[in-house]
Amino acid sequence: MATERTLSIIKPDATNRNLTGKINAKFEDAGLRIVAQKRIKLSMEQAGKFYEVHKERPFYGELCEFMASAPVVVQVLEGDNAIAKNREVMGATNPANAEPGTIRKEFALSVGENSVHGSDAPETAAQEIAFFFSGLELVG
Ligand code: GDP
């Protein structure tokens, strides 16, 4: 199995409810290592740039406002098949459809306020990691 890195974001609904530690425990229990992590507050502009791929979607404005509404924790997770593994641990976008035991099933409030972001492919993982972290911040 290939060791991969993926970008994860603990979203404002979760940082507001003090869930960072509980969510990190889910990653670690699944064998994902948190190899970089920082808590930051995104501007509307930064949120808009990060989610640019969704800019034609009807929820784009709402999504950017939400992501800029409170601090987020951005992190790099590493492990075997980390991209798919993280998507599994996160659960479906809409918590109503998420499997039991997943982060979104246990913690998400709605399809928008769904507690975590995770990269969906190797190319997006590389881009998203570089969006938030410099090489010097990735110590393994
Ligand atoms: P993800 O990869 O599972 O995060 O899902 P997507 O890439 O489809 O969507 C990105 C993010 O946009 C989701 O995690 C949600 O926060 C938000 N989102 C997706 N669909 C909706 C929606 O119908 N309404 C709202 N308000 N937000 C949505």
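The questions and answers below go through cores, annotated positions and single residues of a predicted model.

In this predicted model, local features need pLDDT of at least 70 and side-chain atom pairs count only at pLDDT 80 or more, while totals for chains, interfaces and linings use all residues. Residues are numbered from 1 along each chain as its sequence is written, and side-chain values use heavy atoms, with hydrogens and water left out.

Me: Which element gives the largest share of the largest nonpolar core?
Reply: A nonpolar core is a set of buried Ala, Val, Leu, Ile, Met, Phe, Trp, Tyr and Cys residues joined through side-chain atoms within 4.5 Å. Elements giving two or more residues to this core include strand E1 (3–10), helix H4 (60–67) and helix H7 (122–132); helices (H or I, at least four residues) and strands (E, at least two) are DSSP runs, numbered from the N terminus. The largest share is five residues, and it comes from H4.

Me: Which residues does Met67 contact, leaving aside neighbours within four places in sequence?
Reply: Met67 is one of the residues that touch the most other members of the 19-residue core. Contact means heavy atoms within 4.5 Å. On that basis the partners of Met67 are Ile9, Lys11, Pro12, Leu42, Ala47, Tyr51 and Val72.

Me: Is Arg104 buried or exposed?
Reply: Arg104 is found in helix H6. Buried means under 20% relative accessible area, exposed over 50%, and partly exposed in between (1.4 Å probe, protein chains only). Because its relative accessible area is 5%, Arg104 is buried.

Me: Which class of accessibility does Thr93 fall in?
Reply: Thr93 lies in the loop between helix H5 (82–90) and helix H6 (103–107). Leaving out residues up to four places away in sequence, Thr93 touches Arg104, Val111 and Asn114. Its relative accessibility is 42%, so Thr93 counts as partly exposed.

Me: How far is the backbone oxygen of Gly91 from a polar atom of the Arg104 side chain?
Reply: Gly91 is among the residues in contact with Arg104. A polar contact is a pair of N or O atoms within 3.5 Å; within protein, one must be able to donate a hydrogen and the other to accept it, and residues adjacent in sequence count only if both atoms are side-chain atoms. For the Gly91 oxygen and the Arg104 side chain, the distance is 3.1 Å.

Me: With which side chain does the side chain of Ser119 make a polar contact?
Reply: Ser119 sits in the loop between strand E4 (116–118) and H7. At 0% relative accessibility, Ser119 counts as buried. At 2.7 Å, the polar partner of its side chain is the side chain of Glu128.
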